[in-house]
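Colleague: I am new to this structure, and I would like a close look at a single part of it rather than a tour of everything. Please choose one strand, place it in its surroundings, and take me through it with care.

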Amino acid sequence: MSSSPRVSKPKPPSTTPTPAAPAAVTPMGWMHTARFLTTAAQLHHLPALDTPEIAFVGRSNAGKSTCINTLTQQKQLAFASKKPGRTQHINLFALGKQGITDAVLADLPGYGYAAVAKMDKLRWQQVMANYLVSRENLTGIVMMCDPRHGLTDLDDILLEVIRPRVEQGLKFLIILTKADKLTRAEQAKALSIARLQAGGGEVKLFSALKKQGVDDVAKLLWDWTHPVEGAAPAPAEPPEDEPEALDE
Ligand SMILES: Nc1nc2c(ncn2[C@@H]2O[C@H](COP(=O)(O)OP(=O)(O)OP(=O)(O)O)[C@@H](O)[C@H]2O)c(=O)[nH]1
Ligand SMILES: [Mg+2]
């Protein structure tokens, strides 16, 4: 019986990293990289940036700051409070792995809070309108709306302010917040009403308490800010904003 010499195959060098395998980034992992960037009381104090920016707007107490904390899985990144009017500056948060900023989230002060002095209200409405109309790197707007109140007159005014930019391609999403306070049937109703009001724009149900809609919103914001790559890096999660068939 002839025995061929046992030639040991050369082992592949195990220590060499595979160059074409970048670390997997999920939208939630990306969100978790959020860090405070800067705060500004006036528009001209904001740094000019060329990274895509996503603004969170909506009535005071709608849950903007809480939503940012939930998406970024950080308890106190943005100031959230039971007391309306907590956010009084434009606060920017940077996103991106290894300290490289590839997107910015902007937490804006809420509007419609009755106890704010009239002059402050007017000043803030002006700052916000100027921001929404003129911020060059603004890529998307997330409007937070408590579905128990629906879209208010002030929300409608804001929609009018941003309409020309949305028509030019600015991304837009309405988040129906505090969905945990609604029954399934109320959620379904709120969703269809808001979809009509959004004129075909995106609407999602969200609950910071129940973590409803979190993955879904994170993925959407990733897609908004990474258009070249196209699809999100992680497999799509089943959408969370569609309530299951309602019980009779
Ligand atoms: N049940 C419930 N409460 C929420 C949710 N999101 C926010 N809240 C509560 O709503 C209140 C207001 O939340 P904030 O995140 O401070 O609201 P905001 O829109 O940033 O308010 P301003 O900064 O005043 O504009 C807080 O008491 C939050 O705990 C949610 O999904 N479910
Ligand atoms: Mg706030």
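Modeller: Let us begin with strand 6, residues 171–176, which is mostly covered, with 5 of its 6 residues buried. Please keep in mind throughout that this is a predicted model. Strand 6 pairs with strand 5 in the parallel sense, over 6 bridges, and within that pairing Cys-145 stands opposite Leu-176 of strand 6.

Strand 5, residues 138–145, leads us on to the part I would like to examine closely, since 6 bridges join it to strand 2, residues 53–58, and these two strands also run parallel. One of the pairs can be named: the bridge partner of Ile-54 in strand 5 is Gly-140. Strand 2 is joined to strand 4 as well, residues 103–107, by 4 bridges and again in parallel, and there Glu-53 stands opposite Val-104 of strand 4.

These pairings belong to an open sheet of 7 strands, whose order is 1-3-4-2-5-6-7 and whose pairing is mixed. Strand 1 (35–40) and strand 7 (202–205) stand at the edges of this sheet with a single partner strand each, so one side of each is left without a neighbour in the sheet. From one strand to the next, the twist averages 25 degrees.

How is strand 2 itself covered, and which way do its residues point? It is mostly covered, for 6 of its 6 residues are buried. In a regular strand the side chains alternate between the two faces of the sheet. In strand 2, Glu-53, Ala-55 and Val-57 point one way, whereas Ile-54, Phe-56 and Gly-58 point the other way, and all of them are buried.

If we follow the chain onward from strand 2, we come to the loop between strand 2 and helix 2, where Ser-60 lies. Ser-60 counts as partly exposed because it has 19 C-beta neighbours inside 10 Å, while 20 or more would be needed for it to count as buried. Ser-60 and Gly-110 are 50 residues apart in sequence, yet their C-alpha atoms are 3.8 Å apart in space. Asn-61 is found in the loop between strand 2 and helix 2 too, and Asn-61 counts as buried because it has 23 C-beta neighbours inside 10 Å. The phi angle of Asn-61 is near 80 degrees, a positive value in a residue other than glycine.

Another positive phi invites a comparison with that loop residue. Gln-98 has a phi near 50 degrees, again in a residue other than glycine, and Gln-98 lies in the loop between strand 3 (90–95) and strand 4. With 6 C-beta neighbours inside 10 Å, Gln-98 counts as exposed, whereas Asn-61 counts as buried.

Beyond the loop that follows strand 2 we reach helix 2, residues 64–72, which gives the most to the shell around ligand 1, with 3 residues. In total 25 residues surround ligand 1, and the closest are Gly-63, Ser-65, Thr-66, Thr-87 and Gly-110. Gly-110 has thus appeared twice, once as one of the closest residues to ligand 1 and once as the residue whose C-alpha atom is 3.8 Å from that of Ser-60. By kind, the residues of the shell divide into 7 nonpolar, 12 polar and 6 charged.

Thr-72 is also found in helix 2, and it is buried because 21 other C-beta atoms lie within 10 Å. Leaving aside residues up to four places away in sequence, Thr-72 touches Met-31, His-32, Ala-34 and Leu-77. Thr-72 and Trp-30 are 42 residues apart in sequence, and their C-alpha atoms are 8.3 Å apart in space.

To set this part within the whole, the protein has 6 helices and 7 strands, which run α-β-β-α-β-β-α-β-α-β-α-β-α from the N terminus on. Of its 248 residues, 35% count as buried. Among contacts between residues at least 6 apart in sequence, 72% join residues at least 24 apart.

Key:
Residues are numbered from 1 along each chain as its sequence is written. Chains are lettered from A and ligands numbered from 1 in the order in which they are written. This is a predicted model: local features need pLDDT of at least 70, side-chain atom pairs count only at pLDDT 80 or more; totals for chains, interfaces and linings use all residues. A residue is buried if 20 or more other C-beta atoms lie within 10 Å of its own, exposed if 12 or fewer, and partly exposed in between; C-beta atoms are placed from the backbone. Two residues are in contact if their C-beta atoms, placed from the backbone, lie within 7 Å. A residue is near a molecule or strand if its C-beta atom, placed from the backbone, lies within 6 Å of it. Ala, Val, Leu, Ile, Met, Phe, Trp, Tyr, Cys and Pro count as nonpolar, Asp, Glu, Lys and Arg as charged, and the others, Gly among them, as polar. Two strands pair if DSSP finds at least two bridges between them. Axes are lines fitted to C-alpha atoms, for helices over the stretch in contact, and angles run from 0 to 180 degrees between N-to-C directions.
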